[in-house]
Amino acid sequence: MNMITYDQTNQSFHLTNGLISYIFAVREGILEHLYFGKAIHYTGGYRYPAADRSFSPNPPNSQERLFSYDTMMLEYPVNTGDYRTQALEIDYNDGSNVSDFRYVSYQIVQKKPALSQLPSFYDEEDGETLIIHLKDTKEAVYLDLSYTIYQNRRVITRSNQLRNESDVPLYIAKMASATIDFPNREFEMIHLSGSWSREREIVREKVFAGIKAIGSSRGASSHHHNPFMALVDPNADEQKGEIYGTSLVYSGNHEFLVEKDPYQQTRLWLGINPKNFYWQLLPDASFTTPEAVLVFSESGLNQMSQTFHQLIQERLVQSPYKNLDRPILANNWEATFFDFDEEKILKIAEEAKKIGVELFVLDDGWFGHRDDDTSSLGDWIEDRRKLPHGLAALSEKIHQAGLQFGLWFEPEMVSQDSQLFAQHPDWALQVPGRDLSPGRGQYVLDFSRQDVRDYIYKAMKMVLTTVKVDYVKWDMNRNMTEVFSTALAKNQQGEVSHRYVLGLYDFLEKMTQEFPNILFESCSGGGGRFDLGMLAYMPQVWTSDNTDAISRIGIQYGTSLVYPPATMGAHVASVPNHQTGRITSLETRGNVAMSGIFGYELDLTILTEDEKIEMKAQVAFYKTHRRLIQYGNFYRLLNPFEGNEAAWMFVSENKAEALVFYSRTLNQASTPFHTLKLVGLDPNLYYEGEQIKGYGNELMHLGFYAQPHSQGDFQSSLTYLKVTK
């Protein structure tokens with residue numbers, strides 16, 4: 001199937017797979033964006049109208065007053081005369097920052113090229129890539145724009161490479177991974193905002209004239225603004241309306257920007273955050289942007305999310321665990337925090353095994369002399385005070401009990417109170433002569449440095465090769481300050497944040513290749529680095545440090561806009577909850593946690609017999625329906641950010657079974673009844689479940705009255721449906 005065509009007559013490029021079309025054309029040497037949306041035939045008649053716009057200059061040496069970069073739809077805006085946000089800004093050796101890139105040639109390749117030093121989506125003989133070659137009219141500088149389209153996916157991926165073939169350095173001040181220009185139409189924007197323990201709250205707002213930007217300058221993708229933005233029709237909802245969803249395969253500083261110009265045209269910009277970014281590009285060197293992914297949905301947010309989910313699971317995650325059942329775990333963190341010894345850990349593991357848990361995870365506090373969060377990061381040596389027989393012996397005992405063994409690390413950090421910092425204080429990010437800013441009693445190691453990464457790698461490898469470890473929880477509990485590397489020249493300090501991320505990816509690539517049988521889970525104080533870059537190496541993420549079930553409903557709902565349930569770690573914790581003080585039933589805590597990668601994070605040794613029986617039933621239920629939850633099609637039904645209820649559901653690929661989650665936050669007297677309508681079922685098949693039965697079309701269009709099993713606040717239900725005829 002040829003998915004990319006070039007029409008010589010109108011110099012247009014058309015990427016289409018029968019689901020979507022992406023079209024742009026060459027016009028007077030520059031690239032004019034024409035269309036992104038539902039698949040169409042393009043005959044060449046649609047082009048931007050010629051118009052003389054006052055105060056909008058014409059291209060250099062142009063005699064045509066009706067043509068201006070400032071007003072037209074551009075594919076990758078890099079030319080002087082466009083006063084809107086530029087895709088690329090370069091400072092040249094002569095002191096200027098004016099560029100004029102023109103079209104040179106193109107090539108179409110069947111195998112999607114990998115990106116240098118960066119994770120990216122891959123293909124399995126189901127993709128085609130278009131590479132557009134541009135050159136600056138004055139300098140020996142070349143720009144390559146890459147586009148990949150896949151069969152049977154509503155997706156375009158994009159990345160760009162700048163090559164300096166001159167004999168002097170230049171400096172990149174800004175370089176987008178992608179921009180899209182839209183003609184006059186009304187949009188709303190959706191993004192995922194929040195903070196620690198309140199990640200990925202759905203924010204929806206109208207796109208007004210001017211500029212709106214979100215992003216992170218914290219050195220990580222952050223709790224505060226996830227690297228995602230969607231432009232949506234004002235009437236779009238979960239099931240209808242056109243949606244343009246975008247994200248980045250990147251774990252560092254990012255920016256998503258929307259600009260609406262005086263002619264009601266909208267430009268969407270996404271890439272590395274230009275704040276504090278300044279990259280020296282030496283002669284004969286190149287710079288590659290992180291990959292952007294652009295998703296088009298003609299049928300609302302659920303279709304957008306399923307497109308993201310399937311692409312992530314099938315063309316991004318590389319772990320051998322990508323399609324395997326993820327184990328049910330017990331983590332000791334909220335059970336013990338730092339106050340544990342071998343006896344306590346083994347007792348919790350023993351109780352975990354009794355209820356059917358498959359993996360025990362030893363969290364923070366097993367190394368150095370770490371009795372609180374102020375010491376020992378960087379000293380990855382077992383603490384024999386707590387573990388007198390050592391980690392290897394503890395792991396062996398846990399395996400003998402019939403459980404897998406997992407271990408917590410925070411490799412990118414160093415405590416001031418540590419042997420590592422005493423020996424190598426210069427290994428932390430710092431500005432010489434200035435004091436360091438502590439965060440959680442720790443500093444950030446300079447992962448842009450090979451020697452720092454090599455030391456930490458060797459220390460981790462020593463543990464992982466001497467202790468039988470099946471799972472690693474990789475944490476990062478602070479963001480960057482004093483972003484300066486003592487190993488780089490002063491004119492390269494604008495490169496530190498990006499070089500850090502490249503160093504992290506280098507480390508992860510090496511470690512996951514050397515230890516392919518370990519299940520790695522990413523964490524950054526919960527969901528502070530929940531992004532596509534980390535998922536390329538680690539197939540699941542600790543979704544949030546907030547383990548309160550009611551808070552988690554919103555967090556997991558917002559996360560699902562982009563990320564599939566198989567990536568979301570979710571645990572049952574004790575009550576009153578450590579983050580909110582809220583008391584919720586074990587049933588609701590279980591129902592919410594079973595909507596992700598299921599586990600427990602509480603002291604299992606102090607449970608009542610009734611609680612043990614209920615947890616054993618939860619584990620058995622999850623094991624029965626694990627494939628459906630982790631790899632079924634996920635649909636959102638009721639938005640917790642818009643009301644007192646929430647609902648979502650999982651549907652098997654063959655539509656033979658489904659699992660429906662429903663919750664009501666607060667109860668009230670004489671409450672109205674609400675009808676819940678399902679989606680994704682086969683309209684002609686008959687489904688039966690507890691208190692719910694009917695044909696698919698009946699359950700989807702007529703629905704049923706949704707009511708929790710019990711009275712009171714914070715109630716929920718989890719109902720399994722199966723085709724019976």
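In which loop is Gln493 found? In this predicted model, Gln493 is found in the loop between S26 and H7, and the legends below begin with that residue.

**View 1. Gln493 in the loop between S26 and H7.** With a relative accessibility of 12%, Gln493 counts as buried, because buried means under 20% relative accessible area. Its side chain reaches the backbone oxygen of Ala489 at 3.2 Å. When neighbours within four places in sequence are left aside, Gln493 is in contact with Val483, Phe484, Ser485 and Leu488.

**View 2. The two positions that UniProt lists as "active site".** In an unreviewed entry, UniProt places this feature at Asp475 and Asp545. The two positions span 71 residues in sequence, yet their C-alpha atoms are no more than 11.2 Å apart, so they gather at one spot.

**View 3. Asp475 and its surroundings.** Asp475 lies in the loop between strand S26 (471–474) and helix H7 (496–514), and at 5% relative accessibility Asp475 counts as buried. Beyond the residues within four places in sequence, Asp475 is in contact with Trp408, Phe409, Glu410, Pro411 and Glu412, and also with Cys523, Ser524 and Gly525. With one of these residues, Trp408, there is a polar contact of 3.0 Å that joins the two side chains.

**View 4. Asp545 and its surroundings.** Asp545 has its place in the loop between strand S28 (540–542) and helix H9 (549–559). Leaving aside neighbours within four places in sequence, Asp545 is in contact with Trp196, Ser197, Glu199, Glu334, Gly525, Gly526 and Gln579. The side chain of Asp545 reaches the backbone nitrogen of Gly526 at 3.2 Å. Gly525 appears among the contacts of Asp545, and Gly525 is also listed among the contacts of Asp475.

**View 5. Helix H6 and its buried side.** Helix H6, made of residues 450–466, has 17 residues and reaches 24 Å from its first C-alpha to its last, which is close to the 24 Å expected at 1.5 Å a residue. The buried residues of H6 are Val452, Arg453, Ile456, Tyr457, Ala459, Met460, Val463 and Leu464. They cover an arc of only 165° around the axis, which puts them on the same side of H6. On the face turned away from this buried side, H6 carries the exposed residues Lys458 and Met462. The partners against which the buried residues of H6 pack are helix H4 (390–400), strand S23 (404–409), helix H5 (419–423), S26 and H7.

**View 6. Leu387 in the loop before H4.** Leu387 is found in the loop between strand S22 (359–362) and H4, and Leu387 is buried, with a relative accessible area of 0%. Not counting residues up to four places away in sequence, Leu387 touches Glu342, Leu362, Trp366 and Leu394.

**View 7. Asn591 and its polar contact with Ser716.** Asn591 lies in helix H10, which is formed by residues 586–593, and at 7% relative accessibility Asn591 counts as buried. The side chain of Asn591 makes a polar contact of 2.9 Å with the side chain of Ser716. Apart from neighbours within four places in sequence, Asn591 is in contact with Phe661, Ser716, Ser717 and Leu718. For orientation, the protein chain is divided into domain 1 (78–96 + 109–316), domain 2 (326–631) and domain 3 (638–723). The centres of domain 2 and domain 3, taken over C-alpha atoms, are separated by 34 Å, and the contact takes 21 residues from domain 2 and 23 residues from domain 3.

**View 8. Backbone details at Pro576, Gln11 and Phe337.** A cis peptide bond, with omega of about -5°, joins Val575 and Pro576, and Pro576 lies in the loop between strand S29 (568–573) and H10. Gln11 has a positive phi of about 50° although it is not a glycine. Gln11 lies in the loop between strand S1 (4–7) and strand S2 (12–16), and Gln11 is partly exposed, with a relative accessible area of 30%. For Phe337, which is a residue other than glycine, phi is likewise positive and near 50°. Phe337 has its place in the loop between helix H2 (333–336) and helix H3 (342–355), and at 32% relative accessibility Phe337 counts as partly exposed.

Conventions: Residues numbered from 1 in each chain as written. Predicted model: local features only at pLDDT ≥ 70, side-chain atom pairs only at ≥ 80, totals over all residues. Heavy atoms only, no water. UniProt positions renumbered as here; feature names shortened; annotations may be inferred. Helix = DSSP H or I, 4+ residues; strand = E, 2+ residues; numbered from the N terminus. Buried < 20%, exposed > 50% of the residue type's maximum accessible area, 1.4 Å probe, protein only. Contact = heavy atoms within 4.5 Å. Polar contact = N/O pair within 3.5 Å; in protein donor to acceptor, adjacent residues only side chain to side chain. Expected span 1.5 Å × (residues − 1). Arc of directions from axis to C-beta. Domains from an automatic or database assignment.
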